[in-house]
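The following paragraphs walk through a predicted model. They deal with how its chains are placed and how they meet.

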There are 2 protein chains.
Amino acid sequence: MATSPQADGESGTVFSAETYFATQPPPSSLEQDVARVKEFLQRQLQDGRKVVLVTSGGTTVPLELNVVRFLDNFSAGTRGATSAEYFLKAGYAVIFMHRQFSLQPFSRHYSHSTHPFLDFLEIDESSQSATSASSPRITVRPSEEPQLVEVLSTYKAVHRAGTLLTLNFVTVNDYLWLLRAVSQEMSILGRSCLYYLAAAVSDFFLPRQKMSVHKIQSGKGSLHIEMDQVPKILKPLVAEWTREGFIVSFKLETDPNLLLPKACQALARYGHQVVIGNDLHRRKFEVVFVSPKSSSSSASQPSAYEESWLRIDLNKDPHKEIEEDIVAELVKRHEGWIRNAT
Amino acid sequence: MATSPQADGESGTVFSAETYFATQPPPSSLEQDVARVKEFLQRQLQDGRKVVLVTSGGTTVPLELNVVRFLDNFSAGTRGATSAEYFLKAGYAVIFMHRQFSLQPFSRHYSHSTHPFLDFLEIDESSQSATSASSPRITVRPSEEPQLVEVLSTYKAVHRAGTLLTLNFVTVNDYLWLLRAVSQEMSILGRSCLYYLAAAVSDFFLPRQKMSVHKIQSGKGSLHIEMDQVPKILKPLVAEWTREGFIVSFKLETDPNLLLPKACQALARYGHQVVIGNDLHRRKFEVVFVSPKSSSSSASQPSAYEESWLRIDLNKDPHKEIEEDIVAELVKRHEGWIRNAT
């Protein structure tokens, strides 16, 4: 019975997490990804490093098995990619689980649309390459060199240290399977692991059993889509998969009046450590941390939560990234969480 | 009456192109884009260059005015970005009208996910930069230098010649307004302009009047979406906006049995010059050109069309791009079209 979704009268089908995983197929790359995660975590455990899972970018909901059309969630992946860099700088090992082709740490500085690297490379026809006497040497425009040297040095150092593991997802189904598997693996780290769930995950999905095989044809009037709710994955994440992890989730709203109530509701429902609330139009310079008031994580009354606003002034310092302060605050709170274990 | 959409009984609302533009607002960047197009076309006209409009990437259909969720069409933009390079090589000036952040000519060779440029740059601590005695010089890994020199040289030459104009769209509404404006401007070139409509355009949209202002809340059961049909934009494009242009549209299907019937249907309905049909899973090595059999473009019987398959063998030459042959064939047909003007 547990594997059969429940119809809830007028509003369609509700899947529990258990039913979801029993009825929806895993992505084909899951086993391979899990093997990479295991190896990565073993190394970090040996080195005594804290590990953060950063999820980033939007998930898709394909409408067809041979996918031509899909529902998507708006996210370039800026929050996740930027935060990953600051976590690395703070000494964490990072599992960067992101939507394919969304922004990534380091390369995010060189978007092909807004800051294309081809624009600041030059061909120096006069000089001769040390390695090949006939080919011209490529040089970097002097004004761009300092930033590129900095980004490149950090990028190379991170790769040498082996502290960044990158995983991909596309669909919300990929995301759910991967999150479950990675969090189960990460639980071996106990309190030393942090979850930074910045991906923009769809609240709705189309069960495989309801998808059309081929491209939906137009010319037959309007398009009707009916989707089911994605199970609330934070519930088993907190209660079963990774009981000791420090878990940070995000709430994005466009109506400022909903931000705090929705954040408190999430904490009451799932019992995790922090919700970071952000408004779609203010998220680059303002976020709010909402967390249980006491050190206990079992508070269930809305009055039991405290809010703490974090703001930066982009007029004063246009290059400041709010993720620097978000990560600094979380590193502090995570240290407290580890100390309180005893 | 022309500006009021018609209800067609059970299947929602049908918009004519005229009604569409009378009821949906233009994108805010339209005027600025049109000014850039005008200036670009004047220059090409003076230089006597043929001009191709390449559309590329998928369009979105936002579900909310403060957009968090949207419907999208699958397309990385490979077909368009690759073809644009071959059109430039063939001497065309190119208006590259693409989905924001989809692949672009030249930078497409250096995807941050599959071929990140940071991986093949090195910091040479030993050498001293000519411009700054203290900073290390950045060098390109020798194995990557030949390709980078080639891509970079072409990129710089195209920029010097001023033969590439890049325009962005995100939503299907952006796309429709921009396509109309650009094609009206391009009509001054008469038969010297080519339309290569490779973008994956949504067949459905949500009229602004039906969109919710804020993020649709979950927790209220399943999601129901009902969308209207996008007007068939090829109709006014062929019949009104650019009567002498050579127009190539694309059909992507996942059911191989639908490919030819759908291509013929499009030619019969719009009376343009070529439909390139491609199957989702074979599109990298096989396409079919469908066109009217006679030199007349007014054929309206399905028997009046001829098909011509174009295939490449990726086993023999894994680096061959089918767009090279597609563009070569179209350049030939476009020359015939120009000759037949008299």
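**Two chains and their interface**

A turn of 180° with a shift of 0.0 Å along the axis lays chain B on chain A, and the RMSD is then 0.0 Å. The two copies are therefore related as by a two-fold rotation axis. Within chain B, L71(B) has the C-alpha nearest this axis, at 2.1 Å from it.

L71(B) also falls within the residue range of strand β5 of chain B, which spans 69-73. Strand β5 of chain A, residues 69-73, is joined to β5(B) by 5 bridges, and the two strands run antiparallel. One of the pairings involves D72(A), whose bridge partner in β5(B) is F70(B).

The contact between the chains takes in many other residues. On the side of chain B, 71 residues are in contact with 71 residues of chain A. Of the interface residues of chain B, 100% are also interface residues in chain A, so the copies meet through the same surface. About 6700 Å² is buried between chain B and chain A, with carbon and sulfur atoms giving 58% of that area. The residues of chain B that lose the most area to chain A are H112(B), L118(B) and I138(B), which together make up 10% of what that side buries.

What holds charge or polarity across this interface can be counted too. The salt-bridge rule finds 3 such bridges between chain B and chain A. In one salt bridge, the side chain of D203(A) meets that of R69(B), with 2.6 Å from N to O. Side chains of opposite charge can pair when their charged atoms come close. Polar contacts between chain B and chain A number 19 residue pairs, both residues being at pLDDT 80 or more.

Which elements of chain B give two or more residues to the side that touches chain A? They are β5 (69-73), β7 (121-124), β8 (137-140), α4 (145-161), β12 (223-229) and β13 (246-253). The largest share, 8 residues, comes from α4(B). Sorted by class, this side of chain B has 30 nonpolar, 24 polar and 17 charged residues.

Salt bridges can also be counted beyond the interface. Over all chains, the rule gives a count of 38. In one of them, the side chains of R43(A) and E39(A) meet, with 3.1 Å from N to O. R43(A) and E39(A) are 4 residues apart in helix α2 (residues 30-47) of chain A, which means that about one helical turn separates them.

Terms used. Residues are numbered from 1 along each chain as its sequence is written. Chains are lettered from A and ligands numbered from 1 in the order in which they are written. This is a predicted model: local features need pLDDT of at least 70, side-chain atom pairs count only at pLDDT 80 or more; totals for chains, interfaces and linings use all residues. Side-chain values use heavy atoms; hydrogens and water are left out. Contact means heavy atoms within 4.5 Å. Buried area is the accessible area (1.4 Å probe) that two parts lose on being put together, summed over both. A salt bridge is a side-chain nitrogen of Lys or Arg within 4 Å of a carboxyl oxygen of Asp or Glu. A polar contact is a pair of N or O atoms within 3.5 Å; within protein, one must be able to donate a hydrogen and the other to accept it, and residues adjacent in sequence count only if both atoms are side-chain atoms. Ala, Val, Leu, Ile, Met, Phe, Trp, Tyr, Cys and Pro count as nonpolar, Asp, Glu, Lys and Arg as charged, and the others, Gly among them, as polar. Two strands pair if DSSP finds at least two bridges between them. Copies are superposed by least squares on the C-alpha atoms of residues with pLDDT of at least 70 in both.
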